[in-house]
Amino acid sequence: MGVQGLTGFVEERGVFFTELRVRDTKLVIDGSSLYHRLCFAPDADFRRGGDYGAFAAAVRDFFGVLRACGVAPFVVLDGGRGAEDRKLPTLRGRAAEQLRAAHGLSRGAGGCLVPLLTREAFVQALGRLGVPFVQCFAEADREIAGLANRWGCPVLSLDSDFCVFDLAGGYCPLSHFQWQSVRAAAGPQGCYVPARCFSAERFCRHFGHLSKGLLPLFAVMNGNDYIGLEALETFFSKVRLPRGCAAGKGGKHLRLQGLLNWLAQFAEPAEAVDNVLKYLKKHQREEIRELLCTSMEDYAPSDVNLEDFFQNGSYECEAARKADVPDWVLDALAKGKLAPFIINALILRSTFLRVQVENMQRPSAHSTALPIRQVIYGLLLRVSRSTEDASSSKQTNEPPIVCEFDRCQKTVKKTFVQAASLPPDFCDDRFPLDKLMEVPMSCRQMLLVETLGVKMSFLEPIPSHLQLPVAVTCYWMRCSEPKVKLNQLKALLLMIVSGELQRITSDPDATVLPAEDDSVAYNEFLKWKEKKLQNNDFDLDAAHSFCQWQCCLQMGLYLNQLLGTPLCEPDLSSRFYTGTLVHRLYQELKSAPPVENLFILSPKMSQLYLVLLNTVES
């Protein structure tokens, strides 16, 4: 969510903020805002698919600072789009913006684009660090506000909607949270993070003692993620908005300032709504009244008690109950063990596939992973035979359909995809979705590996935490169009081996010291990385191929999670995928093939590389 123009307006006028020293307090963190902020580091490379290890290191550093300052963080993440799907037009607009950014990056322009697996890497990093977090059923804003008010602590976010919520502990924008400039205080109090806190009282005083209770109406009338201005254009074209004392800084915020000054004359929202409706035609009034009142409820306290979740792991949500979400699915979603993609497919039969920096002349990189998604849809949406028999005689046995929003050349288009038919074990009426975890684990594992086109016996020589990525790589080799080049495969496997080498030589949590030859090999690898690249050209076709691999890995992860992780989940928050490295390895393999022997000083890593290569090629 976000109120149009409000962030820029309050940032231009520093008078709405108070200085804050953040220490020795609970802090409720908007997880989506935080991972976007940490992802958009000044030196980040957005063209080559993400460097998840560097991102995870930034996450670790951030929470290390909070711990040093005595701050107890509680991270709250957005879930799905919600059963009513009211943000669909906004999300389509954002998908189009991301597509424009991706196209610009593919042609060498600047810009930012969140790498595909950033959310997954963030959730894994939180788990490794032991940071308490929850993933909500739908948008998290109301639940964040409710938890912060229950504890009387600040909210850390970068979302102007938190200027509208009545927050007892205030709203700290991430843009003013100087966690990289921790300061030590005189005396026994210890260090603190310098921050600024938005003051709703100061904001309201600035507009003639505007009542805080009118801020939700202001947000709705000014336009947010749920409501556009079109419905109220008649009002704005007829009313004379006062400029008041706030109209000093240019014209772009005149309407926003005028609306705030106009609302200040009313004591409470109902009176203001009645006066808005006077400017509209009689036949429109009740519809607009309902729209305004419904939209203002987005700023009312949530019925979900997140304190319960953080104390005893129980996530109760009325909206999820009404949508008939199975208890185990809601529990797994809340604990970050299922992605929002899953809940959107289940209750909306609709998903967004996020664009990457890929070749826009080719089909979307996500098309490679379509058969995996179809199995996910089949598991989520299958109708038991008894239900089919009980329904009308016109009932057909056609598989359910899911609407996917994906890139088609340089536009976002929707396509309708059939769910896959499942093997007999999964069509058994004894095992509907709410009993999926009762299907024997061996059957669930078989469905996963068969979907990826491999046999479990092939994966047995592979370390367990690499079995899923290797199975995905086999699938990618088989299903990608155009075909994966051998040097692209080798670059990918060398990158995975480099992540393994780093993990065993520099993992701060390691209990066993690395072998000397591994340490020597790792130091040689670091020296190689320091060398200046002979050729740093951006190869768009190679980028497209590596994007296809990430799409396959993402859907392989989601299917594995939905089946209760029959294979170990790979750790994205280690140096598992490093886009800049895989591109460099690919370039060097073309011009200097000996780079394939990069890890020859470590017999263990050389052997791992050969096992991975032989498994995939076979």
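**Two sets of strands: a walk-through**

Okay, let's start with helix 17, residues 370-381: it lies across strand 9, strand 10 and strand 11, and runs at about 150° to strand 10. Bear in mind that what we're looking at is a predicted model.

So what's underneath that helix? Strands 9, 10 and 11 make up an open sheet of three strands, in the order 9-10-11, and the pairing is mixed. At the edges you've got strand 9, which is 350-352, and strand 11, which is 411-418. Each of those has a single partner strand, so one side of each is left without a neighbour in the sheet. Going from one strand to the next, the twist averages 25°.

Now, how do strand 10 and strand 11 run relative to each other, parallel or antiparallel? They're antiparallel, and eight bridges join them, with strand 10 covering residues 401-408. If you want a spot to click on, try Glu 404, which stands opposite Thr 415 in strand 11.

Quick reminder for anyone new to this: strands of a sheet pair through backbone hydrogen bonds, either parallel or antiparallel.

Over to strand 3, residues 72-77. Strand 3 pairs in the parallel sense with strand 2, residues 26-30, over five bridges. One pair to look up there is Ile 29, whose bridge partner in strand 3 is Val 75. Strand 3 also pairs with strand 4, residues 133-135, again in the parallel sense, over three bridges. There, Val 76 has Val 134 of strand 4 as its bridge partner.

And why is strand 3 described as largely enclosed by the rest of the structure? Because five of its six residues are buried, meaning under 20% relative accessible area.

Methods. Residues numbered from 1 in each chain as written. Predicted model: local features only at pLDDT ≥ 70, side-chain atom pairs only at ≥ 80, totals over all residues. Heavy atoms only, no water. Pairing = 2+ DSSP bridges. Helix = DSSP H or I, 4+ residues; strand = E, 2+ residues; numbered from the N terminus. Axes fitted to C-alpha atoms, helices over the stretch in contact; angles between N-to-C directions. Contact = heavy atoms within 4.5 Å. Buried < 20%, exposed > 50% of the residue type's maximum accessible area, 1.4 Å probe, protein only.
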